[in-house]
Amino acid sequence: MKRLVPMSIAAAILIFLGYVMYSSMAPATVSCEVCLVFDGEEVCRMGAGPTREAAASAAQESVCGGNAMGMILAERCRARPPARMTCSP
């Protein structure tokens, strides 16, 4: 009985980790390049996802995460329309 509890906990943890890994490996069927202008310079990043919207969002999040310092600038960046966006299935 004493070994059953730790084994059950370990099994539950492994099942949970397996689910997280499986769900994070959803096939990315669309890729997008999003470009935004920061301080007069155009910054472009790639993103991928199962839909065009998800891929564009991932790309814009990548641009904003690396170039907008601080919460307020990051929120403004996410709300900004892209200067250029190209997507391919």
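Is Cys-87 buried, partly exposed or exposed? At 26% relative accessibility, Cys-87 counts as partly exposed, because that value falls between the 20% limit for buried and the 50% limit for exposed. Keep in mind as you look around that this is a predicted model.

Cys-87 makes a good starting point for a walk through the disulfides. A search of the whole structure turns up 3 of them. In one, Cys-87 is joined to Cys-32, with an S to S distance of 1.9 Å. The link of Cys-32 and Cys-87 is right-handed, with 110° about the S-S bond. Cys-32 sits in strand β1 (residues 30–38) and Cys-87 in strand β3 (residues 84–88), so this pair ties together parts that are 55 residues apart in sequence. The partner of Cys-87 has its own setting: Cys-32 is buried, at a relative accessible area of 0%.

Now turn to Cys-35 and Cys-44, which form another disulfide, with their sulfur atoms 2.0 Å apart. This link is right-handed, with 110° about the S-S bond. Here Cys-35 counts as buried at 0% relative accessibility, while Cys-44 is partly exposed at 23%.

The remaining stop among the disulfides is the bond of Cys-64 to Cys-77, where the S to S distance is 1.8 Å. With -85° about the S-S bond, the link of Cys-64 and Cys-77 is left-handed. Cys-64 belongs to helix α2 and Cys-77 to helix α3 (residues 71–79), so the pair links distant parts of the chain, 13 residues apart. Cys-64 is buried at 1% relative accessibility, and Cys-77 is buried with a relative accessible area of 1%.

How are the bonded cysteines paired when they are numbered in sequence order? The pattern is 1-6, 2-3, 4-5.

From Cys-77, it is a natural step to Gln-60, since the contacts of Gln-60 include Cys-77. Gln-60 is part of helix α2, which covers residues 52–67. Is Gln-60 buried or exposed? Its relative accessibility of 11% makes it buried, because buried means under 20%.

What does the side chain of Gln-60 reach? It comes to 3.3 Å from the backbone oxygen of Arg-78. Setting aside neighbours within four places in sequence, Gln-60 is in contact with Val-34, Leu-36, Cys-77, Arg-78, Arg-80 and Pro-82. Arg-78 therefore appears both in this contact list and as the owner of the backbone oxygen that the Gln-60 side chain reaches.

Note on methods: Residues numbered from 1 in each chain as written. Predicted model: local features only at pLDDT ≥ 70, side-chain atom pairs only at ≥ 80, totals over all residues. Heavy atoms only, no water. Helix = DSSP H or I, 4+ residues; strand = E, 2+ residues; numbered from the N terminus. Buried < 20%, exposed > 50% of the residue type's maximum accessible area, 1.4 Å probe, protein only. Polar contact = N/O pair within 3.5 Å; in protein donor to acceptor, adjacent residues only side chain to side chain. Contact = heavy atoms within 4.5 Å. Disulfide = S-S within 2.5 Å.
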